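I opened the notebook for a slow walk through this one. Pull up a stool and follow along.

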Amino acid sequence: MRKSLLTLALSLLLLLCLTVSAAQAEWEPKCIPEPYAASYEDDIRSIAINRYEKNNCVYFVCDVQLENVSAFQAPYTTGEALPLSELVQGTGAVLAINADDFGSHKYGTIIRGGQVLRTHDTTRHMLIVDVDGSLQVRSDRKGENPDQLAPQLLSEKVRHTFEFGPVLVENGQISAFLSAFDVISTRSTRWESRTAIGMISPLHYVLIVADGRQPGYSDGMTLPELQSLMVQYGAQVALNLDGGGSTELWFSGQILNSPCGGHERRLSDIICF
């Protein structure tokens, strides 16, 4: 009798473990179709990547899903800038992109891992990563007091902030470019290397990395083209990050794109999963 009860208990425990494991592996439908150019999945993240060539532009679209916001990492250095492939070391991440390179300028309110690194006024647009993995943006920075903004964001348990822009998508709709934004050109005739991140739902993101400045291989992408792609792939909110020579996509130890400078640019920060 005891042996039967023990066997039953072990069977129920195994069934429970299998149920939990199956629940952990349930991800939302991916925003890109199979077959994938590259993919990775474990208990804490699901990643799929496709490569496209269109309108003289080579670009990559990444579907990223996380089990918890702790897997949304933002390594940085306050000392000498480093290549992305060095910044990602020791994080356990399998996918990384360049971020806002905040160390190359003095502007904005920078929070990483719940710690304030800097406060300064800015015309840049802010991307906010909340504790539940959702993304928000701030574009109207007129009259903003950064010394008040930082503690407000911390009280809301904001995990990271990134300062670049412009905002590409809000509420699932293409955003108009504000005249006050003067960080980069928003002209529809400006083709560049681009890096951008969007949120499909909390903990479900779409990344777009476009190569540019390489005639015969890839001319780049305009911001309106980038906006259209973000909406096409289901982004509810999206922000343009640093681009040009900083644009880089790293996956499992390999650089997938072709940095326009011919090599990795040294950066102050990255985003990785």
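Before anything else, I settled what contact means here: heavy atoms within 4.5 Å. I also noted that the model is predicted.

**Entry 1: the core**

With that cut-off in hand, I looked up phenylalanine 72. Not counting neighbours within four places in sequence, I found phenylalanine 72 in contact with Leu66, Val129, Leu135, Arg159, His160, Phe162, Ile197, Tyr205, Ile271, Cys272 and Phe273. I then checked the largest nonpolar core, which has 35 residues; Phe72, Leu95 and Phe273 touch the most other members. Strand 3 (residues 57–66) gives the largest share of this core, five residues. Apart from this core I found another of 21 residues, including Ala48, Leu168, Val206 and Leu229. My margin note reads that nonpolar side chains tend to be buried together in soluble globular proteins.

**Entry 2: a sheet of three strands**

Next I traced an open sheet of three strands, and I wrote down its order as 9-8-10 with antiparallel pairing. Which strands stand at the edges? They are strand 9 (135–138) and strand 10 (160–164); each has a single partner strand, so one side of each has no neighbour in the sheet. From one strand to the next, the twist averages 20 degrees. I counted five bridges joining strand 8 (residues 125–129) to strand 10. One pair I marked is valine 129, whose bridge partner in strand 10 is histidine 160. Both of those residues deserve a second glance, as phenylalanine 72 is in contact with Val129 and His160.

**Entry 3: the helix on the sheet**

I moved on to helix 3 (residues 146–155), which packs on the sheet and touches strand 8, strand 9 and strand 10. The direction of helix 3 makes about 20 degrees with that of strand 8. I listed Pro146, Leu149, Ala150 and Leu153 as its buried residues. Why do the buried residues line one face of the helix? Looking down the axis of helix 3, I saw that they fall within an arc of 100 degrees, so they line one face. On the other side of helix 3, I found Asp147, Gln148 and Ser155 exposed. The cover over the buried residues includes strand 6 (110–112) and strand 7 (115–118), along with strand 8, strand 9 and strand 10.

Then I checked both ends. At the N-terminal end, asparagine 145 caps helix 3, with a side-chain oxygen 2.9 Å from the backbone nitrogen of aspartate 147. After helix 3 comes lysine 157, which has a positive phi of about 60 degrees although it is not a glycine. Is lysine 157 exposed or buried? At 59% relative accessibility, lysine 157 counts as exposed, because the cut-off for exposed is over 50%.

**Entry 4: the hairpin**

Going back to strand 6 and strand 7, I saw that they form a hairpin with two residues between them. Glycine 113 in the turn has a positive phi of about 60 degrees. Three bridges join strand 6 to strand 7, and they run antiparallel. I also noted arginine 112 standing opposite glutamine 115.

**Entry 5: a buried glutamate**

I picked glutamate 163 in strand 10 for a closer look. Its relative accessible area is 0%, so glutamate 163 is buried. Where does a polar atom of its side chain point? I found one 2.8 Å from the backbone nitrogen of threonine 109. Among the residues in contact with glutamate 163 are Asp100, His105, Tyr107, Arg124 and Arg141.

**Entry 6: odd spots in the loops**

Last, I went through the loops. The peptide bond joining glutamate 34 and proline 35 is cis, with omega about 0 degrees; proline 35 sits in the loop between helix 1 (2–24) and strand 1 (38–41). Another cis bond runs from glycine 165 to proline 166, with omega near 10 degrees. Proline 166 lies in the loop between strand 10 and strand 11 (167–170).

Asparagine 56, in the loop between strand 2 (45–54) and strand 3, has a positive phi of about 60 degrees although it is not a glycine. At 57% relative accessibility, I logged asparagine 56 as exposed.

Notes: Residues are numbered from 1 along each chain as its sequence is written. This is a predicted model: local features need pLDDT of at least 70, side-chain atom pairs count only at pLDDT 80 or more; totals for chains, interfaces and linings use all residues. Side-chain values use heavy atoms; hydrogens and water are left out. A nonpolar core is a set of buried Ala, Val, Leu, Ile, Met, Phe, Trp, Tyr and Cys residues joined through side-chain atoms within 4.5 Å. Buried means under 20% relative accessible area, exposed over 50%, partly exposed in between (1.4 Å probe, protein chains only). Helices (H or I, at least four residues) and strands (E, at least two) are DSSP runs, numbered from the N terminus. Two strands pair if DSSP finds at least two bridges between them. Axes are lines fitted to C-alpha atoms, for helices over the stretch in contact, and angles run from 0 to 180 degrees between N-to-C directions. The arc is that of the directions from the helix axis to the C-beta atoms. A polar contact is a pair of N or O atoms within 3.5 Å; within protein, one must be able to donate a hydrogen and the other to accept it, and residues adjacent in sequence count only if both atoms are side-chain atoms.
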